[in-house]
Amino acid sequence: MPRTLLRAASALLLTLTTLNAPAAYADDVAPVAVTVNARAALATVPETGIGSNHAIWDTNLGTDETADRLKDAGVQLLRYPGGSYSDIYHWADHTAPGGYVAPNTDFDTFMRGVRRTGAQAMVTANYGTGTAEEAAAWVRQANVTKGYGIRYWEIGNENYGNGHYGAAWEADNHADKSPAEYARHVVAYADAMKAVDPTIKIGAVLTTAANWPDAIVADGDSGSWNKVVLSIAGPKIDFAIVHWYPGALDKTGHVPDIVQLTRQQIAKYAGAGSERIGIAMTEFNTGSNSNGTNTQPGALAAADSYATLLANGVFTVDWWNVHNGIGTVTQVEGHTDYGDFGLLSSGTCTSDGSVCEPALNTPFAPYYALQMVSKFARPGDQFVRAATDQAKVSAHAARRPNGDLAVMLINTSSDTSYPVAIDYTGYSPASGAPTVLTHTNGATAITTSSTGSATSQTLPPLSLTTLILHPATPQTGGPGAPGQPTAAQVTDKTATISWPAASPGSRPIVKYELHRQNGGISEQLGETTGTSFTVHNLKPGTRYTLNVIARDSGGGLSWASPPLTFTTGTPAASSCSARLTVQTDWASGYVGAIDITNNGAPINGWTLNFSWPRTWQSLGSGWSAVWTQNGPDVKVVNESGNGSLATGASTTIGFVGNYSGPNVLPDVFTLNGTVCTTQ
């Protein structure tokens, strides 16, 4: 999306809303069941996880006060020179033709602030109006001449916004604005930049699942933006870039599919060795003025999103922006929301002077969300599964190398204090009150106390709460964690899982256990004395995430291995086959066609059944059959003219599918009750 200084300082009217009703107290509310499963490991917390964007139109980009604020928030990565400005910025003379460049925002000033913050830098090279030679010279200046050691380099910013799909906010001087042209330049940039410093990592711009223009195929293109870019530039890049402005505060449930679909595209199109390609969300903001951009609801959504993205393996999430400026002013949950996308106040006013932000560098609520996440999940910790039975309360957990466990609980209710009862699997917390970190609505700091217990806490309305727990018994001498598992020979019902052996502790390892993640609980799928196991009785077309755990001769357990996610297929041979093709997609819906083939005895009358994988998907309309939907289930019955299918005969039916989140296509179809082979 375009973000300009003009927008950041635009004059907008003040709208007031009424305050909420008095809060319900915890003794009036049934306890929320929270499950923490230390055996269900997710990603390891990266060193660059908590990031933010700087922009060259921000006069305070390089001040010590700004750097110190960011350091206190735990910011680990800073991106420069600032969103769409990246595609007009020329580093050598510090100019951005057509844009505003503030004093004291040059590259060296930015790097002084980065070092004072104690963060790493990410630089976006100018694709829109620059050249590969200019980018390579920047690498030379940064890493050879100055010795800054900048590892992460993006090629352009949101370059799909160059008019190729209609909307045009991103500068692009290339006559050809196609994804193929962008990808060819990514290759040239990567070659030139790595010739200067082969240790750097190159990132290419992708679209985000279910966010415009994802999945759209423009005239003359061989596929969507992501397909074309990855097919051409995949062998040259080290990470994929996505941006996400969900526009609502309840979209965290989209994150696992956003990440998984991006990984699937990388694996499908980027060529051999694509597993090396990481995912960076280099711009993120709740993007919701009406619901609280810089007040507590936005902060709660930010903490939930950061934790979920990092737990799913994204290696950096970068808030837009450090300073941004006043926007639409509203009252949200009893506090003034200035519509400011920044972490810190710019100290600006509306153009008529009727409303002014607090003093420069005053933290907004999302600042404390990032600070809480940095205290909850530290580099080297390992996220583990946590779940609740209350939609208003979410939970995250991370296990620390010293055996401690951190649990972050988020209460999004405006008026209810929720008691929580926490159950632990694979972890026994010490007795006594844990360390409790809390941030509540309107608070200007995170408070620390010792209260409640490891299993019982009360969450104030609109609050972030983190528990720091110690183990009941220190675990010493146990085996190391098994290595990254892989899946091979995956069918509709079986998969062979292999993993590197764990290092033994003080006692020999006697077996390995395979545990499937199922929400906040685990289901053991089998055990073996070796380092490979074939799992049976799986369900067709189902996504599985599992971990391997080593057990020694004394019963001691290792940490869980890194997670493995794979999806089973459909039968290799069946009396029917089905093929779903997407004929056109407009990023919120699509026209699909299903080819049905009868491989068995002739049939006279058929019913096709399938289910939408996600709650945000639905049937818009259908043709060439009678279509009905009941909940997630779709039933398709033949019309009079296509009910008879001889052996080997086919028929094609069509439909419109709607979606408001990542579009995970259905891939299990039954014909007259038989699971078909999906082609």
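Does Glu513 count as buried or exposed, and at what relative accessibility? In this predicted model, Glu513 has a relative accessibility of 4%, so the residue counts as buried, the cut-off being under 20%.

As for its setting, Glu513 belongs to strand S23, which spans residues 509-518. Its side chain makes a polar contact of 2.7 Å with the side chain of Arg551. Once neighbours within four places in sequence are set aside, Arg551 also turns up among the contacts of Glu513, together with Gln524, Gly526, Glu527, Asn547, Val548, Ile549 and Leu557.

Zooming out to the whole protein chain, the secondary structure adds up to 9 helices and 39 strands. The radius of gyration is 26 Å, close to the 26 Å that the globule rule gives for 679 residues, so the chain is as compact as a globular protein of that length. Along the principal axes, the C-alpha atoms fill a box of roughly 80 × 65 × 55 Å. Of the 679 residues, 55% are buried. Among contacts with a separation of 6 or more, 72% come from residues 24 or more positions apart. The accessible surface of the chain is about 25,700 Å², and carbon and sulfur atoms hold 50% of that area.

On the strand side, S22 (residues 495-498) pairs with two partners, S21 and S25. With S21 (residues 486-488), the pairing is antiparallel and runs over 3 bridges; here Ala487 sits opposite Ile497 of S22. The hairpin formed by S21 and S22 has 6 residues between the strands, and Gln489 in this hairpin adopts a positive phi near 50°. With S25 (residues 532-535), S22 is again antiparallel, this time through 4 bridges, and Ala495 has Val535 of S25 as its bridge partner.

Then there is helix H3, covering residues 107-117, where the buried residues are Phe107, Thr109, Phe110, Met111, Gly113, Val114 and Thr117. What packs over these buried positions? The cover includes two helices, H2 (64-73) and H4 (132-145), along with strands S4 (77-80) and S5 (120-125). Both ends of H3 have something to show. At the N-terminal end, Asp106 acts as the cap, with a side-chain oxygen 3.1 Å from the backbone nitrogen of Asp108. Following the helix comes Gly118, with a positive phi near 80°.

Definitions and conventions:
Residues numbered from 1 in each chain as written. Predicted model: local features only at pLDDT ≥ 70, side-chain atom pairs only at ≥ 80, totals over all residues. Heavy atoms only, no water. Buried < 20%, exposed > 50% of the residue type's maximum accessible area, 1.4 Å probe, protein only. Contact = heavy atoms within 4.5 Å. Polar contact = N/O pair within 3.5 Å; in protein donor to acceptor, adjacent residues only side chain to side chain. Pairing = 2+ DSSP bridges. Rg over C-alpha atoms; globule rule 2.2 N^0.38 Å. Areas by Shrake-Rupley, 256 points an atom, 1.4 Å probe, with all protein chains shown as cover.
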